[in-house]
Each structure stands twice: as structure tokens, then as C-alpha cells.
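Below are my notes on the model, set out as numbered points. They begin with the backbone and end with the internal spaces.

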Amino acid sequence: MAPASPFALSKDVAVAREAGRPVVALESTIVTHGMPWPQNLAMARRVEAIIREEGAVPATVAVLDGRLRIGLEDAELESLASVRDAMKLSRADLAFAVATGRTGATTVAATMIAAALAGIGVFATGGIGGVHRGAETSFDISADLEELARTPVLVVCAGAKAILDLKKTYEVLETKGVPVVCDGADELPAFWSRGSGIPAPLRLDTPEAIAAFQAARETLGIGGGMLVANPVPEADALPQTVVEAWIDAALADAADRGIAGKAVTPFLLQRMFELSDGRSLTANIALVENNARLAARIAVAMRGHG
Ligand code: PSU
Ligand code: MN
């Protein structure tokens, strides 16, 4: 008897993989820990619909009752979006949730692991984790960065989240040999804002060119992941100076309350939502949708390089 598969594909994802059709992985921490109910569910559904509109199949990743699932049915997505006690899973604890039968959402790092297991090469999220401000004393650096260095999945985001130390985050990615490609701009985006003041290390302007770059990396056996930074659409972008004031306030609150470890990012995103009267959430939803569309187009373009 063949050993049981370590993961379960949804029917749609299994059919798409079998037929060689493009698939885009999606994370679930953004649903359980990144946005409030019920906007989180609406966002998750809309992002899946956008990927289908572009001719690809969405594969939202999560651990449900100890099973690593790649592609969720709508009722499962709804139940995950409304549970209160889902774990936030990264490389360190993905297998813990499997071994103990828990339910948990996958971060960028854990979603990349799942995507690579299932042979899915493209993944869309909002913003990756990175080097936190004050990391020189807290040592808080997201496992997302190490995962990008080692796991061969292309991640489309709107930059690292602006609550982070963006300069240090991109320095670490450079050290680890992770290409950072900005789509259609010379300056890296800052999640809720279009500009960060940091020049884009690399720029490409079409999904086809991005797919060709990834294919060339594979041909050269370079390995590891790649980051595509896609600026938030102009209409939904927030001015960097306004955002910075909210970030300072949110960071001060986090320090006052002694927030640490895994709780830091969800706490800061929630505080940003409150401090901005919901504007940070509107921008966050818009940028995730924008990233899903670009990721689907890249996945479609990659078919020509298979
Ligand atoms: N993008 C968003 N919202 C989020 C995240 C990404 O728009 O909540 C999540 C991702 O799952 C990412 C995580 O991996 O935040 C980073 O958490 P940490 O800083 O603890 O590594
Ligand atoms: Mn952290």
C-alpha cells in the first residue's frame, strides 16, 4: 500500500494539477489573524474569484483538524474565517498542528512549504513578514525571510508590511540571495503606500517577463524563492506620512502591552485598523486582490516556460 499523502488537495486543485493548469496558492493567516470578521471572509472569497477570472485555480492552504489542506471548499473557508482559536502556523509548528490534530492558518512561510510539496510555484499574499523595527534588541525576524531563501515558490506581495524595518528586511533578502522584483515601478512599495524610498533591486513590467526570469533561475539551478513586489493600486493607496504616524502609535501600544513573538504582527495590524478608522483594512483588501490578479497572470505565463 502506498504511504498516505502528507497533504490533501481539493478536487479543483487536484484536477488542475493533473491537467497541468495554472494554480495559485493563498495563505490563511491573513484570514484568521490579519483581518476582522466578516471582511476577512469576503476578501478570501473575492481573491479566489479573481484568480479564477484570470484562468487559474486558487489553492487556499490551512491545517484543518490535523490535515494539511491545499484548496478549501467554500464552507471550510467560511468556518476557518469565523473560528476564534486557529493557530498561526509557520515552519516551526506546521507539523505540530498536523501531529496534534489542531486547526491552524498558514503564514507565508508555511504556505510556501505546502505549495512546494504540491508542486505549486506561485503564491499571492498581502505583505510578507520581515525584520521588525528594533530587531537589534528583540531579535524578531520573520521566518518568512528564511523560507524565501530555501523554498522554490514565487511570492507576490505589496512589499514587506510597513510596520517592519523595510531597509533591514530588504538587506536580509539580498544577503540570502532572494531576488526582489518590483512590478512596474522603480521604487519598492510599502504595503499600504506605493513608495518606500527604497529603490527596487530589480524591475520587470509584465507577467511574461517575470515568468521568464523564474524559468531562467530554474534552468540555472539557483533554487529558493523569489519575491515580486506589486504596489497597491493608486486609488486605494494611503500616504506614507499618514501611515507612519499610525505605525508609531501602534508600535508604542505594542511596547506598552509587552506584545511579543507571534502576536506582534496581528496586534499591529489590528491597531492600524483602529487608528486609521478602517482605512488600513480597505487598502489591505485592495492590495491583496491586486496581488492575486498578478499572481494568476504569472502562473498562466509560466505555462509557456514549463
Ligand atoms: N499579509 C497581510 N496580512 C497578514 C499577513 C500577510 O496582508 O496578516 C501574515 C502572513 O501570514 C505573514 C505573517 O507570513 O503575516 C507574518 O507574521 P510574522 O511577522 O509573525 O512572521
Ligand atoms: Mn516574529
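**Notes on the predicted model**

1. Pro-38 is a residue of the loop that runs between α2 and α3. The peptide bond leading into Pro-38 from Trp-37 is cis, and its omega is near 0 degrees. The model is predicted, and this bond should be read with that in mind.

2. A second backbone point concerns Phe-191. This residue is not a glycine, yet its phi is positive, at about 65 degrees. Where is Phe-191 found? Phe-191 belongs to the loop between β9 (180–183) and β10 (202–204).

3. Next, the ligand. There are 19 residues around ligand 1, and the ones that come nearest are Glu-27, Lys-88, Ser-142, Asp-144 and Thr-265. Sorted by class, this shell has 11 polar residues, 4 charged and 4 nonpolar.

4. Three side chains can be named for their distances to oxygen atoms of the ligand. An N or O atom in the side chain of Glu-27 is 2.6 Å from an oxygen atom of ligand 1. For the side chain of Lys-88, the distance from an N or O atom to an oxygen atom of ligand 1 is also 2.6 Å. For the side chain of Thr-265, the corresponding distance to a ligand 1 oxygen atom is 2.7 Å. On its own, ligand 1 has 480 Å² of accessible area, and the protein covers 94% of this.

5. Where does ligand 1 sit? Ligand 1 occupies the largest pocket. The elements giving two or more residues to the shell around ligand 1 are α2 (29–32) and α12 (264–275).

6. The pocket can be described in its own right. The volume of the largest pocket is about 490 Å³. It is lined by 30 residues, of which Lys-88, Thr-107, Ser-142, Asp-144 and Thr-265 are the closest to the pocket centre. Two or more lining residues come from each of α2, α8 (143–150) and α12. The largest share of this lining is that of α12, with 4 residues. By class, the lining of the largest pocket has 14 polar, 9 nonpolar and 7 charged residues.

7. Lys-88, Ser-142, Asp-144 and Thr-265 are thus named twice: they are among the residues that come nearest to ligand 1, and they are also among the lining residues closest to the centre of the largest pocket.

8. How many cavities of 30 Å³ or more does the structure hold? The structure holds 1 such cavity. The volume of the largest cavity is about 90 Å³. Its lining consists of Leu-26, Glu-27, Ile-30, Val-31, Met-43, Ala-44, Val-47, Thr-60, Ala-124, Thr-125 and Val-288. The elements that supply two or more of these residues are α2 and α3 (39–53), and the largest share, 3 residues, is from α3. By class, the lining of the largest cavity has 8 nonpolar residues, 2 polar and 1 charged.

9. Two links between these points are worth following on the model. Glu-27 lines the largest cavity, and a side-chain N or O atom of Glu-27 is 2.6 Å from an oxygen atom of ligand 1. The helix α2 gives two or more residues to the ligand shell, to the pocket lining and to the cavity lining.

Notes: Residues numbered from 1 in each chain as written. Chains lettered and ligands numbered in written order. Predicted model: local features only at pLDDT ≥ 70, side-chain atom pairs only at ≥ 80, totals over all residues. Heavy atoms only, no water. Near = heavy atom within 4 Å. Polar contact = N/O pair within 3.5 Å; in protein donor to acceptor, adjacent residues only side chain to side chain. Areas by Shrake-Rupley, 256 points an atom, 1.4 Å probe, with all protein chains shown as cover. 1 Å grid on protein atoms, 1.4 Å probe; cavity = no way out; pocket = protein on both sides within 12 Å on 5 of 7 lines; lining within 4 Å. Sits in = over half its atoms within 2 Å of the grid points. Nonpolar A, V, L, I, M, F, W, Y, C, P; charged D, E, K, R; others polar. Points joined across faces, edges and corners; volume = space filled by probe spheres on them.
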